[in-house]
Amino acid sequence: MAGDFYDLFATGGGRLAAVIGDVSGHGIEPSITAFQVKYLMRVFLRQYRDPAQAMEELNSLLSEQARPEELVSMCAVVFDAGAGTLRYASAGHPPALHWHSDEVRPLRATGPLLTLLSQASYASREVELAGGDVLLLYTDGLAEVRAGDTMFGEERVAGIIRREPGLDVQTLCKTLRD
């Protein structure tokens, strides 16, 4: 039982949302919070087109009921196929990695961890998409895997994408897991 979660769903109007996050701690409580966050984001991302606004609503709601030791990192991305863009907001989550035009660009946090500040502000950023682009969302569990005293690290995650551009997504995921 842990607090890692992800979700992928249509929000309407030709848009698709991807959400990934991690609730601090281990056990049943973070698992329950992860379940709540995942489904509340479905509601808020259908209600608001802007992921930052959805995140602010979620943060306000969670801050009223959360235990102070329970923090949530999260990245929410809304893909708009018609506009050829993605719009994202991130609450202290490890940076998503966007492969575009032969380079990997980190999509860094746009606000603090959820529940850290009850009145926190979050910003959304919009990114142009092109054919062949890849967006990698992951939790700290990938970057913090250790081999002895050495962590795998975000730069090594990005390096795998750089090393084999155009790798199909299934193979990329398998390579990262291995």
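Asp 102 is found in the loop between strands S5 and S6, and this residue is a convenient place to enter the structure, which is a predicted model. The phi angle of Asp 102 is near 65°, a positive value in a residue other than glycine, and Asp 102 counts as exposed, since its relative accessibility is 66%. Ser 101 lies in the loop between S5, which covers residues 96-100, and S6. For Ser 101, phi is near 50°, again a positive value in a residue that is not glycine, and with a relative accessible area of 51% Ser 101 is exposed, because exposed means over 50%.

## The chain as a whole

The loop that holds Asp 102 belongs to a protein chain with 5 helices and 10 strands. The radius of gyration of this chain is 16 Å, close to the 16 Å that the globule rule gives for 178 residues, so the chain is as compact as a globular protein of that length. Measured out along its principal axes, the C-alpha trace of the protein chain spans about 45 × 45 × 25 Å.

Of the 178 residues in the protein chain, 42% are buried, while the accessible surface of the chain comes to about 9,300 Å², with 52% of that surface belonging to carbon and sulfur atoms. Among contacts between residues at least 6 apart in sequence, 60% join residues that are at least 24 apart. The side chains include 16 positive and 24 negative ones, and the centres of these two sets lie 3 Å apart.

## Helix H1 and its surroundings

Helix H1 runs through residues 28-47, and Thr 33 lies within it. Thr 33 counts as buried at 8% relative accessibility, because the limit for a buried residue is under 20%. When residues up to four places away in sequence are not counted, Thr 33 touches Val 23, Arg 67, Glu 70 and Val 72.

Ser 31 also lies in helix H1, and Ser 31 is buried as well, with a relative accessible area of 15%. The side chain of Ser 31 reaches the backbone oxygen of Gly 27 at 3.0 Å.

Arg 67, one of the residues that Thr 33 touches, is found in the loop between helix H2, residues 51-65, and strand S3, residues 72-80. With a relative accessible area of 33%, Arg 67 is partly exposed, because this value falls between the 20% limit for buried residues and the 50% limit for exposed ones. Leaving aside neighbours within four places in sequence, Arg 67 is in contact with Glu 29, Pro 30 and Thr 33.

## A threonine in the loop between S6 and S7

Thr 115 lies in the loop between strand S6, residues 103-107, and strand S7, residues 125-128. Although placed in a loop, Thr 115 is buried, with a relative accessible area of 16%. The side chain of Thr 115 reaches the backbone oxygen of Glu 70 at 2.8 Å, and Glu 70 is also among the residues touched by Thr 33 of helix H1.

## Separations in sequence and in space

Three of the residues described above can also be placed by their separation from another residue, as the table shows, with distances in space taken from C-alpha to C-alpha.

| Pair | Apart in sequence | Apart in space |
|---|---|---|
| Arg 67 and Tyr 6 | 61 residues | 22 Å |
| Thr 115 and Gln 53 | 62 residues | 15 Å |
| Ser 31 and Arg 15 | 16 residues | 28 Å |

Read row by row, Arg 67 stands 22 Å from Tyr 6, Thr 115 stands 15 Å from Gln 53, and Ser 31, the buried residue of helix H1 with a relative accessible area of 15%, stands 28 Å from Arg 15.

Definitions and conventions. Residues are numbered from 1 along each chain as its sequence is written. This is a predicted model: local features need pLDDT of at least 70, side-chain atom pairs count only at pLDDT 80 or more; totals for chains, interfaces and linings use all residues. Side-chain values use heavy atoms; hydrogens and water are left out. Helices (H or I, at least four residues) and strands (E, at least two) are DSSP runs, numbered from the N terminus. The radius of gyration is taken over C-alpha atoms; the globule rule is 2.2 Å times the number of residues to the power 0.38. Buried means under 20% relative accessible area, exposed over 50%, partly exposed in between (1.4 Å probe, protein chains only). Contact means heavy atoms within 4.5 Å. Accessible areas come from the Shrake-Rupley method with a 1.4 Å probe; for residues, only the protein chains shown count as cover. Lys and Arg count as positive and Asp and Glu as negative; His and the chain ends are not counted. The place of a charge is taken as NZ of Lys, CZ of Arg, CG of Asp or CD of Glu. A polar contact is a pair of N or O atoms within 3.5 Å; within protein, one must be able to donate a hydrogen and the other to accept it, and residues adjacent in sequence count only if both atoms are side-chain atoms.
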